Amino acid sequence: MPDSAADLVPPRPTLPKLRDAAADCRACPLWEQATQTVFGAGRRSSPAMFVGEQPGDREDLEGAPFVGPAGRILDEALQLAGIDRRAAYVTNAVKHFKWEPRGKRRIHAKPSWSELSACRPWLEAELDVVRPRVLVCLGASAAQALLGRDFRVTRQRGEWLESDLAEHVTATIHPSAILRQRDDESRQREMEAFVRDLKLVASVL
Ligand code: URA
Ligand code: SF4
């Protein structure tokens, strides 16, 4: 088993070629317990790219990113920030669902650094093909995969970051963090802060 997907990235990649190649990826152990590779979705020339952590239960079954509960939060926040969903290419730092059984349910498990690293060539290839003007990391896993292991979203969210990855690069929380809040008041507060961060993105689109 290769320890990185780099050898699988086709020469002169296009999004369909990448999606086909990633469908057979076994560069880390995560493919084994997942249903399928969930590749990014969106137009090739999208001005903004949003990177989450990994597909969830629904995404694993449907084969598309952000189609479950976290995706609904993201859609709502994009709308409130005035960002057209069609301007967004949406993908994940890791392309297979990592989970642990809890009764009959499959509970999200955090991808390890080695899994994030193994999967990064797919993300880099997506960046090369889409060339978004704005890159948005949603949560710690995406931010650490793209900006370095020491990156702390809590400290540096909602500001423009020094990076060669795109003209404008920023990080904010993961929409799942809003779902995990205990009461309506904290959910609302987190949602407002998330929308505020996305308005920064809207300001350069
Ligand atoms: N969470 C993510 O990070 N990505 C998805 O696609 C769905 C949930
Ligand atoms: Fe390949 Fe990424 Fe899936 Fe690991 S998570 S098998 S690196 S596509």
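Visitor: Is Val67 buried, partly exposed or exposed?
Guide: The model is predicted, so local features need pLDDT of at least 70 and side-chain atom pairs count only at pLDDT 80 or more, while totals for chains, interfaces and linings use all residues. Residues are numbered from 1 along each chain as its sequence is written, chains are lettered from A and ligands numbered from 1 in the order in which they are written, and side-chain values use heavy atoms, with hydrogens and water left out. Buried means under 20% relative accessible area and exposed over 50%, with partly exposed in between, for a 1.4 Å probe and protein chains only. Because its relative accessibility is 28%, Val67 counts as partly exposed.

Visitor: Leaving aside neighbours within four places in sequence, which residues is Val67 in contact with?
Guide: Val67 lies in the loop between helix H2 (57-62) and H3, where helices (H or I, at least four residues) and strands (E, at least two) are DSSP runs numbered from the N terminus. Contact means heavy atoms within 4.5 Å. With neighbours within four places left aside, the contacts of Val67 are Arg58, Glu59 and Glu62.

Visitor: At roughly what angle do the axes of helix H3 and helix H8 cross?
Guide: Axes are lines fitted to C-alpha atoms, for helices over the stretch in contact, and angles run from 0 to 180 degrees between N-to-C directions. For H3 (residues 69-81) and H8 (residues 184-202), the axes come within 8 Å and cross at roughly 55°.

Visitor: Why does that make H3 oblique to H8?
Guide: Angles under 35 degrees count as roughly parallel, over 145 as roughly antiparallel and 65 to 115 as roughly perpendicular, and the rest as oblique. The axes cross at roughly 55°, which makes the relation of H3 to H8 oblique.

Visitor: How do the residues of the contact of H3 with H8 divide into nonpolar, polar and charged?
Guide: The H3 side includes Ile73 and Leu74, and the H8 side includes Met191 and Phe194. Ala, Val, Leu, Ile, Met, Phe, Trp, Tyr, Cys and Pro count as nonpolar, Asp, Glu, Lys and Arg as charged, and the others, Gly among them, as polar. The contact of H3 with H8 therefore divides into 11 nonpolar, no polar and two charged.

Visitor: Which residue stands opposite Arg102?
Guide: Two strands pair if DSSP finds at least two bridges between them, and S3 (residues 99-102) and S4 (residues 105-108) pair in the antiparallel sense over four bridges. In their hairpin, which has two residues between the strands, Gly103 takes a positive phi near 65°. Opposite Arg102, in S4, stands Arg105.
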